[in-house]
Amino acid sequence: MTDATAAPDYAIEVNNLQKIYRASGKMPEKHALKNISLNIPRGSIFGLLGPNGAGKSTFINILAGLVNKTSGTARIWGLDIDQHPRQSRAAIGVVNQEIVADPFFTPMEMLELMAGFYGVPKSERRSLEILTAVGLDDKKDAYVRQLSGGMKRRLMVAKALVHNPPVLILDEPTAGVDVELRRSLWTYVRELHDRGTTIILTTHYLEEAEELCDSIAIVNHGEIVACEPTPKLLSRLDYKTLVITPKEALTAVPDSLAGLDSVIRDTGALAITFRTSETGIGRLLEQVRAAGVGIGDLVTEAPDLEDVFLSLTSEPEAA
Ligand SMILES: Nc1ncnc2c1ncn2[C@@H]1O[C@H](COP(=O)(O)OP(=O)(O)OP(=O)(O)O)[C@@H](O)[C@H]1O
């Protein structure tokens, strides 16, 4: 499966993918995915971000074979999911939000069972290696019900890896997981990536996506509103804020600075927001000094992914 000669350029290719959930009971019809087209390059760590209900899980569940698409096409590792349902699914490992584990099995038994399900020959199984990698080797013979929530989540990652898939999809794998465990999970995900696995993840932790992902797609109301390399996405917001702590407290923004986008913050700092493509910090500082403001300290604040995210997802859904 990971044979480099057969490796496609794109781990995932999706064209005009649509999902309409039919009305049922009191729930009206829901157009959850609207003509999504997306190519995820082999070897990337790709982030899928979006607010609650944007359609991320629907997208992933279609790839995983858990939800039927309404129309459009999807290929996993070059294999069309309609034409090659089994093979295409064998090319991905999916870690879902839910924890699905039989409480009376041990982690070791669960991985062996999964490996059997995927038809991995005994000689090629790596159950202990995988459990060690996710830090569960010392729990390999414990009952799953004896594991903590974080350990169970790591077990879900381990389960998705038994068939050595070239593409690993992680749907909110760190939701509700403590900081230390999140770090160790991501270290392992990075290692997998270094060894050639394509990683696709959804997360609500924007700083996590910013740090990990080389490209990010933002989904909103079932549509892709941005899909770019992470640095390019971050550079979309062409502004910075210069925050000056004045030597002497200011009661108001000096008149000569009134034309700038400036405010006095509760902390007493003078904050001036400027377009980086139009204004240099040097010129701003000259203006501040000329206004008679003594500069005690200064920092600049750059927008982060959260700002980009909010600016792209704050529109209400079109009727
Ligand atoms: N089985 C279903 N039947 C009807 N509507 C559904 C079903 N599953 C999801 N939806 C609706 O489709 C939309 C997209 O849901 P989805 O779970 O894909 O969003 P999401 O981006 O994964 O959200 P979250 O971040 O909260 O997990 C939502 O409005 C949801 O209510």
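Visitor: What is the order of the six strands in the open sheet, and what kind of pairing do they show?
Guide: The order is S6-S7-S8-S3-S9-S10, and the pairing is mixed. Strands are DSSP runs of E with at least two residues, helices are runs of H or I with at least four, and both are numbered from the N terminus. This is a predicted model, in which local features need pLDDT of at least 70 and side-chain atom pairs count only at pLDDT 80 or more, while totals for chains, interfaces and linings use all residues. Residues are numbered from 1 along each chain as its sequence is written.

Visitor: Why are S6 and S10 called edge strands?
Guide: Strand S6 (92-95) and strand S10 (223-229) each pair on one side only.

Visitor: What makes S3 and S8 a pair?
Guide: Two strands pair if DSSP finds at least two bridges between them. Four bridges join S3 (residues 45-49) to S8 (residues 198-202), so the condition is met. These two strands run parallel. In one of the bridges, Leu48 has Thr202 of S8 as its partner.

Visitor: Why is H1 described as largely enclosed by the rest of the structure?
Guide: Seven of its nine residues are buried, so the description follows. Buried requires 20 or more other C-beta atoms within 10 Å of a residue's own, exposed means 12 or fewer, and partly exposed lies in between, with C-beta atoms placed from the backbone. The buried residues of H1 are Lys56, Ser57, Thr58, Phe59, Ile60, Ile62 and Leu63. Just after H1, Gly65 has a positive phi of about 85°.

Visitor: Which residues are around the ligand?
Guide: Among them are Tyr21, Met27, Lys30, Asn52, Lys56, Ser57 and Thr58. To be near the ligand, a residue needs its C-beta atom, placed from the backbone, within 6 Å of it. Helix H1 (56-64) and strand S2 (30-41) each supply at least two residues of this shell. H1 gives the most, with three residues.

Visitor: Why is Arg275 called exposed?
Guide: Arg275 has 11 other C-beta atoms within 10 Å, so it falls in the exposed class. Arg275 lies in strand S13 (residues 270-275).

Visitor: What is Arg275 in contact with, leaving aside its neighbours within four places in sequence?
Guide: Arg275 is in contact with Asp238 and Tyr239 (C-beta atoms, placed from the backbone, within 7 Å). Arg275 and Asp238 are 37 residues apart in sequence, and their C-alpha atoms are 5.7 Å apart in space.

Visitor: What is the mean pLDDT of the chain?
Guide: The mean is 89 (pLDDT is the predictor's confidence in each residue, from 0 to 100). A value of 70 or more is reached by 96% of the residues.

How values were computed
Two residues are in contact if their C-beta atoms, placed from the backbone, lie within 7 Å.
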